[in-house]
Structure formats: C-alpha cells, structure tokens
Amino acid sequence: MTELVWTRDLDVAPAVVWPHLVVPEKMSVWSRAPIALVDEGDGGVPWGVGALRRVTLDTFGRKSSFEEVIAESAAPARLVYRVVRGLPVREHEGVQTLEASARGSRLVWRVRFEPIASPLGFAASRLLDSQMRSSLDVLERVVREAAPSSSPGTSSFADDEGALAQLERDGARILGDQRALAESLRGDPKYWFSRVYEYVTEEQLRFVRERASHPVWVLRLLPVFHRFYFGNFEAHRAGRNVEAPWRVAFGAMDRARKDDPEGVIRGLMLGVRAHIEEDLPRALAEVWLDHYRGRCDYVRLRADYLRMADIFRVASARLIAEMPPDWMPPQVRLLVRFAPLELQDWAFARNYYDIGRARRKAFERGRGLAGWLAARRPNRAL
C-alpha cells in the first residue's frame, strides 16, 4: 500500500478553506486536474456523502478521467473520498482534514492506494506528488484572496447501531441456509448459482466486519435478497408461479446437463442477471423506504454500494476456481490463476457478463423505484 501526505498551513480559517475543497467549481480553480460533479450526494449537495464526481487528468498531453465518490463529509473539518472507476489502482482513498491553527488553519491531505501492478506504484506516486504540490501552491493563493463566505454544512446521520447484533445473527443464519442449499444441489446444474450466491453473502458479511461505513444498511439488504431468491426457488421446486427472470434462469438450469458446461454457465449467468437486474434494485428501494426515508437521501448509500463491487469479483473468482478447468476458455483460466482481480473482472465481463456496469444500473433503477414508491406510499412507516 502506498501512502502520500501533504501538509499546508493556510492564512484563513477552516470555514473559509472548506468550500474550496468540496465545491467542484471552486476546486477546479486551483486543481491541476479539473473536477466536475456527476451526481449530488446526501442533502442534494456536491459535498454530501454519496456524491459522485469526475476528475480529468492531462498526462503528457493525453487526457483521461476517473470517478470518485464522497465517503465521509463533516464540515469544515474532514472529507473522505474514494476512487471507484478509471484508475489502475484498488482501495484508492483520499482523506482531507482541516484544523484551526494560530496562522489560520492547517490542511493535511493523505492519499492511500494500491496499484494493481507494483511497477505502476512508483510512477503514479511521482506524478501524483508533483501535481498535488503544484495544485496546493495555487490553493494557498486562492484562499488567501477569498472573500469570507458561509461554509457549506453537511447533513447529520446516525444508523441504528442497536440493530447490528441481531442483523449479524440473521446474516449468519442466512449464510448457513444458503450453504445447506448449495450442498444439497451438488450434481444439479442449479448448484453453481446457489454456490456463488453463498459466496456473495459470505463476502458481504466480511465487508461488514472490515470495511463498511454503513454496516447496518448492508446487513439489512441480506434478508431481502434471501427472501426474493429463496421464495422463487421454493416456488419453482413446488411447481408454483415464479417471477419471470427467475423462471427463465431456473428453466435454463433445468435444461442443462451437468456435463454440459455451456448450458450450465448459461443458466448460471441468467441467475446472476436475475439477481442483479431484478432483485437488487427492489432490495435497495425496499430497505431505503422502510428504514431510511426521511433520515437520509437514497444516494448517501452509494459509497458503500460501489465499494461492494469487490464482493462480486471475489465471489466470481472463487466459483471459477471451483469449476472444472476445461469449462473456462484458456485465457480466463490463466487470468484466474495469475492476474489481479481487476483483470479477472475485465475478462469475465468480456466473456460472460459485465457485473460492474449492471450493478451501477441497478443502483439507479433502485433510486427510481424508491422515488416512485415513496410518492405512492407517503405514510409508510420507517
């Protein structure tokens, strides 16, 4: 993991500096990499948690861009952002802190990242350090000349931490049910989707323990996913009506022979699509509507949601490693064995299904559905 730190003593108070660190139009005045707002965050502002912004780089005359999401925002003291797309790095996180000082304020800016290939780390560090030092020189002049203004605030939010222990127990029970179902299906083409579903749940629980900013929200999704999938699975097994996407997926799994990798993988992919394109938006909307409406905007949860992309990468890699070697094209087998997860993800998207793109669409579909339901259920209890 590479870490870079820059410190600047500024002549004005933190409240004066803060807007220049969080408002894209003001940031682009001093930053060598212009910043544009893609979508507002919680509270309908560009510095709210969940805000998405695009940064444009000009490297040796070649332009490229990446996206970052606001993960924490506490005016006028602390901002945390994470890169979520566009750079060959993982776990890229920036933390900006402002403290009052005798001179005015002290800015400490930390960036931590892990390149997907170690040779990239040194070059990226040199380039980033050079650009940041140059940008911060300009920031010093800009804030010194800035007129005093009201500092933009941030919305407050506290999740239901008292619910965490029970939700963790529920998650462990759900994982056990999914593991038992997968084991009961060995030899059945439906085994493969059940197994990857189990892996996704297991990785989601690990994410809650190690990385989630909103662990209660993440855990609340699990029983909703479980209800959708198990409800359809039991209905299919009993010969009852099944929701259309799952009917198509289970039908393809039933038609496949266990020694027919093409048919098995087709059924597996249809199951993944049913989960991501149908169940995921509904679960996101339902959890927000039942527990968070009136407490935060739907987009507040975007930062954790995008960070959970690794869950699907890891679960996919675990499943592929379990499959017979001749089920995968040679290039996919080589990537699974030797390449970082990001390249495995690229190969999976190219050969089978682009989970990353589909998950982003699912988040927006969930947002639309949440708004539609909220407008029709104005009195629904939280």
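**Warm-up: one tyrosine**

Which residues does Tyr305 touch, not counting residues up to four places away in sequence? Let's work it out.

Before you start, a word on the model: it is predicted, so local features need pLDDT of at least 70 and side-chain atom pairs count only at pLDDT 80 or more, while totals for chains, interfaces and linings use all residues. Residues are numbered from 1 along each chain as its sequence is written, and side-chain values use heavy atoms, with hydrogens and water left out.

*Solution.*
- Step 1: fix the rule. A contact means heavy atoms within 4.5 Å.
- Step 2: list the partners. Tyr305 touches Trp217, Leu280, Leu284, Arg359, Arg360, Ala362 and Phe363, with residues up to four places away in sequence left out.

**Exercise 1: the nonpolar cores**

Find the residues that touch the most other members of the largest nonpolar core, and name the helix that gives this core its largest share.

*Solution.*
- Step 1: get the terms straight. A nonpolar core is a set of buried Ala, Val, Leu, Ile, Met, Phe, Trp, Tyr and Cys residues joined through side-chain atoms within 4.5 Å. Buried means under 20% relative accessible area, exposed over 50%, and partly exposed in between, using a 1.4 Å probe and protein chains only.
- Step 2: pick the hubs. The largest core holds 80 residues, and Phe193, Trp217, Tyr229, Leu268, Ile276 and Tyr305 touch the most other members.
- Step 3: find the main contributor. Helix H8 (residues 261-291) supplies the largest share of this core, 14 residues. Helices (H or I, at least four residues) and strands (E, at least two) are DSSP runs, numbered from the N terminus.
- Step 4: look elsewhere. Another core, of 34 residues, lies apart from this one, and among its members are Val16, Val55, Phe66 and Leu136.

**Exercise 2: two partners of H8**

Describe how H8 packs against helix H7 (residues 244-255) and against helix H13 (residues 355-376).

*Solution.*
- Step 1: define the geometry. Axes are lines fitted to C-alpha atoms, for helices over the stretch in contact, and angles run from 0 to 180 degrees between N-to-C directions. Angles under 35 degrees count as roughly parallel, over 145 as roughly antiparallel, 65 to 115 as roughly perpendicular and the rest as oblique.
- Step 2: take H7. H7 and H8 pack at about 165°, with their axes 8 Å apart, so H7 is roughly antiparallel to H8. Residues of H7 in the contact include Trp246 and Met253, and those of H8 include Gly267 and His275.
- Step 3: take H13. Here the angle is about 40°, and the axes of H8 and H13 are 8 Å apart, so H8 is oblique to H13. Among the residues that meet are Leu280 and Leu284 in H8, and Arg359, Ala362 and Phe363 in H13.

**Exercise 3: a buried asparagine**

Is Asn232 buried or exposed, and what does it touch?

*Solution.*
- Step 1: place it. Asn232 is in helix H6 (residues 215-238).
- Step 2: check the area. The relative accessible area of Asn232 is 6%, so it is buried.
- Step 3: list the contacts. Asn232 touches Val242, Glu243, Trp246 and Phe250, again not counting residues up to four places away in sequence.

**Exercise 4: walk across the sheet**

Give the strand order of the seven-stranded sheet, and explain why one side of E1 and of E2 has no neighbour in it.

*Solution.*
- Step 1: write the order. The open sheet runs E1-E7-E6-E5-E4-E3-E2, with antiparallel pairing. Two strands pair if DSSP finds at least two bridges between them.
- Step 2: look at the edges. E1 (2-10) and E2 (35-39) each have a single partner strand, so one side of each is left without a neighbour in the sheet.
- Step 3: add the twist. Neighbouring strands are turned by 25° against each other on average, direction ignored.
- Step 4: go pair by pair.
  - Nine bridges join E1 to E7 (residues 105-115), and Leu4 stands opposite Val111.
  - E6 and E7 pair over 10 bridges, and a hairpin of four residues connects them.
  - E5 (residues 78-85) and E6 (residues 89-100) share five bridges, with Arg82 partnered by Glu93.
  - E4 and E5 pair over seven bridges, and three residues lie between them in a hairpin.
  - E3 (residues 52-59) and E4 pair over eight bridges, and Thr59 stands opposite Arg62.

**Exercise 5: an unusual bond**

Where is the cis peptide bond that involves Pro76?

*Solution.*
- Step 1: recall the background. Most peptide bonds are trans.
- Step 2: find the bond. A cis peptide bond joins Ala75 and Pro76, with omega about -10°.
- Step 3: place it. Pro76 lies in the loop between E4 (62-74) and E5.
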